[in-house]
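Me: Please take a close look at a single part of this structure. I am new to it, so a connected account with the terms explained would be welcome.

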Amino acid sequence: MISRAMYSLNRRKRSANLLEHDMTPSTRPAVWRFADRDTVRTADGTTWHRGLRGPRSWAALGSDLAERDDEALRALLRSDPHAAYAPAGPDAYAALPGRPLDTLQALELLDLRPATGAVLHRYSLERAGAFLGSNPGLRSAPVPGLRPADVRSSLRGTAQRHGRARITLERVHGRLHARYAVGSTLHTHTYVLTTS
């Protein structure tokens, strides 16, 4: 007999799959703001780098393709369902960028408008990775479809579970960061804000 928890999990997976199939490129949330060192890899294998040849412009390494601006890359991400976006991961050996959110009240009052959602990108850096110079660490699969309330709740949970966690808002690049340690592993979460 399938347990109630397993039934609930399978039901959520089916709902997520239906949502994914119903979401056309024109309705897919768009990255609100980009940052230099962000990358986009398209279905044909081309990788676009922001800031490669100049600040706030996109270029494809080893390609004769013309440079593009942020709006062109947003359009590319909307039109190519297989395009993969990866934000620049924060340097594990430097302070998190942005304004500190160091109290629960600051997290409760956090206003993410005009963003309507977020995608969570997670990194983990173990001692072996640190020794090898891995920066910012091993990347996990992104978690899309977060609402602003989900982001606040997640950050609040991080702050409550990890008393020495660092949380910052980098509004100029439309993202939030959270960092905490568990044993010898450093965890960094970057929430990239999106708009509908």
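Reply: The buried residues of helix α2 pack against five strands: β1 (30-31), β2 (39-41), β3 (47-50), β4 (58-60) and β5 (84-86). Packing here rests on contact, meaning heavy atoms within 4.5 Å. Helices (H or I, at least four residues) and strands (E, at least two) are DSSP runs numbered from the N terminus. The model is predicted, with local features requiring pLDDT of at least 70 and side-chain atom pairs pLDDT 80 or more, whereas totals for chains, interfaces and linings use all residues. Residues are numbered from 1 along each chain as its sequence is written, and side-chain values use heavy atoms, leaving out hydrogens and water.

Helix α2 spans residues 70-79, and its buried members are D70, L73, R74, L76 and L77. Viewed down the axis of α2, these buried residues lie within an arc of 160°, so they line one face of the helix; the arc is taken from the directions from the helix axis to the C-beta atoms. An α-helix has 3.6 residues a turn, so residues three or four places apart point the same way. E71 and S79 are exposed, on the face of α2 turned away from its buried side. Buried means under 20% relative accessible area, exposed over 50%, and partly exposed in between (1.4 Å probe, protein chains only).

At the start of α2, a side-chain oxygen of D69 comes to within 3.3 Å of the backbone nitrogen of E71.

Helix α5 (residues 148-161) offers a parallel. There V151, L155, G157 and T158 are buried, and the buried residues fall within an arc of 155° about the axis of α5, so they too line one face.

Methods. Expected span 1.5 Å × (residues − 1). Polar contact = N/O pair within 3.5 Å; in protein donor to acceptor, adjacent residues only side chain to side chain.
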